[in-house]
Amino acid sequence: MVFVKGPGLYSDIGKKARDLLYKDYQGDQKFTLTTYTSNGVAITSSGTKKGDLFLADVNTQLKNKNITTDVKVDTHSNVYTTITVDEPAPGVKAIFSFVAPDQKSGKVELQYLHEYAGISTSLGLTAKPIVNFSGVAGNQNATFGTDVSFDTATGNFTKYNAGFSYTTADLIASLMLNDKGETVAASYFHTVSPLTNTVVGAELTHSFATNENTLTIGTQHALDPLTSVKARVNNYGKASALIQHEWRPKSLITISGEVDTRAIEKSAKIGLAVALKP
């Protein structure tokens, strides 16, 4: 898709702060291997060990001009198929997805990116589908958006969220109202040094239903062009850190750990992720 400088989609609001605080952290062991056939088909096999449970899946991706087809088979013999069409019209992306054998899983989604707006709408392919609409308006600096879902079977709104984001050259601040107005979340992402990819961020979430607050603070720093470290801590005493190294192009090894500072006697959670690409 041709890149359009604009507000993006609703899912982009607060995304950089969420990625900083939560992406790549895990307490499991995961191995991913990607290979390519002679005709350009990408085959990705992955396995994840969660305690005594082992989960595996195989994903096949084929790109033909502006059409990308992804087919994934998991441990439970579910087949996930996603067909993406880039630019059937200027600024438009069409996505069709379904899961076999679930006959009610079919969904079609349309995304439209404009210089001052971003819209995503999806419709379940059933007799009485769930309809989802999200839209943002603004520019590269200030964005306001909403995300709603309506169940035509019950006549009820199953989701309605709203968000606002403000962006400068080195700072992104966002405010989101989630869970039908039951939760408010504010996040902050600040680039301290682009040269070393040093950033800091925080997210504060308040639940009106339980009157609980959750504050998570995190940072990231590149030790060298191929190695980066991340760390985070929240107000419940959970502290996490990870180191990620690109030991060959597009091949990553990530080691992460988490400790409960309020219960040091408990063993730390250690996670390992290895991703290999040719």
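**Overall architecture and packing of helix α1**

Of the 278 residues in the chain, 32% are buried. The model is a predicted one, and its secondary structure consists of 1 helix and 19 strands. Along the principal axes, the C-alpha atoms occupy a box of roughly 55 × 50 × 40 Å. The radius of gyration of the chain is 21 Å, in agreement with the value near 19 Å that a compact globule of 278 residues would have. Among contacts with a separation of 6 or more, 27% join residues 24 or more positions apart.

The accessible surface of the chain amounts to about 16400 Å², and carbon and sulfur atoms contribute 61% of this area. The chain carries 26 positive and 25 negative charges, and the mean positions of the two sets lie 3 Å apart.

Helix α1 spans residues 15–22, and within this segment Ala17, Leu20 and Leu21 are buried. Viewed down the axis of α1, the buried residues fall within an arc of 90° and therefore line one face of the helix. An α-helix has 3.6 residues a turn, so residues three or four places apart point the same way. The buried residues of α1 pack against four strands, namely β13 (183–193), β14 (198–207), β15 (212–224) and β16 (227–234). After α1 comes aspartate 24, which has a positive phi, near 75°.

How values were computed. Residues are numbered from 1 along each chain as its sequence is written. This is a predicted model: local features need pLDDT of at least 70, side-chain atom pairs count only at pLDDT 80 or more; totals for chains, interfaces and linings use all residues. Side-chain values use heavy atoms; hydrogens and water are left out. Buried means under 20% relative accessible area, exposed over 50%, partly exposed in between (1.4 Å probe, protein chains only). Helices (H or I, at least four residues) and strands (E, at least two) are DSSP runs, numbered from the N terminus. The arc is that of the directions from the helix axis to the C-beta atoms. Contact means heavy atoms within 4.5 Å. The radius of gyration is taken over C-alpha atoms; the globule rule is 2.2 Å times the number of residues to the power 0.38. Accessible areas come from the Shrake-Rupley method with a 1.4 Å probe; for residues, only the protein chains shown count as cover. Lys and Arg count as positive and Asp and Glu as negative; His and the chain ends are not counted. The place of a charge is taken as NZ of Lys, CZ of Arg, CG of Asp or CD of Glu.
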